[in-house]
Amino acid sequence: MRWWSVANFVSNAGTWMQLTVQNLLVLQITGSAAATGLSMSVQAAPALLMSLVGGAAVDRWPRKVTAAVSQAVLGAIAFTTAVLVATGGLNLTVLMALAAVTGVVATVDGPACALLGNDLVPPEDVPSAIGVGSLVHSAGRLAGAALGGVTVAFLGTAAAYAANGLSFLFVASVIPFLRPAYGALRQAAPVRRGAKTGGGDTAADMTVRQGLMFFLRRPRLVALAGVTGISAVFGRNYTLTLAVLVTGPLAGGAGSFGTVSTVLAVGGIIGAVLGARLRRPSVRLVGLLAAAGALLQVVAGFSPSFAVLLVLVLPMAVVESVSDTAGKTVLQTDPPAHLRGRVLGVWGSISTAWGLAGPPALGLLMEVAGARGALVSGGLIIAGSIGAGFLLRGRRSVAAPVLLRKEELATASGGAALGTAA
């Protein structure tokens, strides 16, 4: 697990380094901010349709092999881009094509690596493993964004892509030496074709449709998607809302927003550490944390000064990070082992949909209500929706008892008393 965490940190740092450099590269090639946004959408769009197929592949194929191959392919794409940048052979069309291929491979790589990390610890320690993964992701994001600027300044854009390629190869070289924990290995063993599952279904039903139907018929997963989706659209795009608030009503500059971004990152790390201590998180906990974060967002919308905003930003980031860690734990532990890849695939499609829809919707809200109005109204929408969901669930769970006369009981049971199963 320590080796895997080190490898993940290196990989995340490389990925964020490349993402930072890629935006600068598109701007250099086109001089267009719209083209920069398009390149990000092209890389994210494959997950909208291909995540279901990628999750099914993770359930069908050996997990270590799948993760190692996907990491190696991503490394090859990064090295190819580095060569093209160094030789001057990269144009916008080629860059978009490489971004699209990267997005397709990521639909397999994401769930494979997430579930592989969980296999390295006993089942009771999976929540802690997910928390460590969130911590590594946040630290890698900080390091990668910082290293991206330094690398471009001293070594050039091609060096940043080459560094990311090396980070992928490092992960691929570590994977063969990983040894799953005994309990996790038994729990996550793939079901062979023709074998019987616990519910009597055959493993031949290892289809995309099976994962989708399981997700839709699982109320807690649907509720988790609802809570996370509405929070993502109206709340967690802080790089957009807080940037407008800081540079607008609070009359700050780029340096002030940089400070806010740093505080958000620190809060994310603290939240990941706290989230790693959760043993049995639930969807209810995710909802409560999301509602608390939304109310903090409302208060932040009324911040009279930059100092007050900084005081509020830290707990906002902490609550968001703990909520994310709890949600990931539910998502990765609730389904049966042979369905987890497909459930993560369904989640990938859903999260991509709200990731693409959220910024435009929030931007429109800010056009209408301003930065403060967007924070306040968005927070109230999140908290109100979650509160309404809790109330509806409470009403549905209260069922009136049905009273039967003795003769009706006898008729229903063929003269015998009703058993426990009935």
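Colleague: What share of the 422 residues of the protein count as buried?

Modeller: Bear in mind that this is a predicted model, where local features need pLDDT of at least 70, side-chain atom pairs count only at pLDDT 80 or more, and totals for chains, interfaces and linings use all residues. Residues are numbered from 1 along each chain as its sequence is written, and side-chain values use heavy atoms, with hydrogens and water left out. Buried means under 20% relative accessible area, exposed over 50%, and partly exposed in between, using a 1.4 Å probe and protein chains only. By that rule, the buried share of the 422 residues is 44%.

Colleague: How many helices and strands are there?

Modeller: Both are DSSP runs numbered from the N terminus: helices are H or I with at least four residues, strands E with at least two. Counted that way, the protein has 0 strands, and its helices number 16.

Colleague: Which helix gives the largest share of the largest nonpolar core?

Modeller: A nonpolar core here is a set of buried Ala, Val, Leu, Ile, Met, Phe, Trp, Tyr and Cys residues joined through side-chain atoms within 4.5 Å. The largest one has 39 residues, and Phe-215 and Trp-347 are among those with the most contacts inside it. Its largest share is 8 residues, and they come from residues 340-397, helix α15.

Colleague: Is Thr-228 buried or exposed?

Modeller: Thr-228 sits in helix α10, residues 219-234. Leaving aside neighbours within four places in sequence, it is in contact (heavy atoms within 4.5 Å) with Trp-347 and Trp-354. Its relative accessibility is 15%, so Thr-228 counts as buried.

Colleague: And why does Gly-384 count as partly exposed?

Modeller: Gly-384 belongs to helix α15. Ala-291 is 93 residues away in sequence, yet 8.2 Å away in space, C-alpha to C-alpha. Gly-384 counts as partly exposed because its relative accessibility is 41%.

Colleague: Which helix gives the most to the nonpolar patch on the surface?

Modeller: Patches take residues with over 30% relative accessible area and no salt bridge, joining like charges within 9 Å and nonpolar side chains (Val, Leu, Ile, Met, Phe, Trp, Tyr) within 5 Å; a salt bridge is a side-chain nitrogen of Lys or Arg within 4 Å of a carboxyl oxygen of Asp or Glu. This patch is formed by Leu-48, Leu-49, Met-50, Val-53, Val-104 and Leu-356, with about 490 Å² of accessible area together (Shrake-Rupley method, 1.4 Å probe; for residues, only the protein chains shown count as cover). With 4 residues, the top contributor is helix α3.
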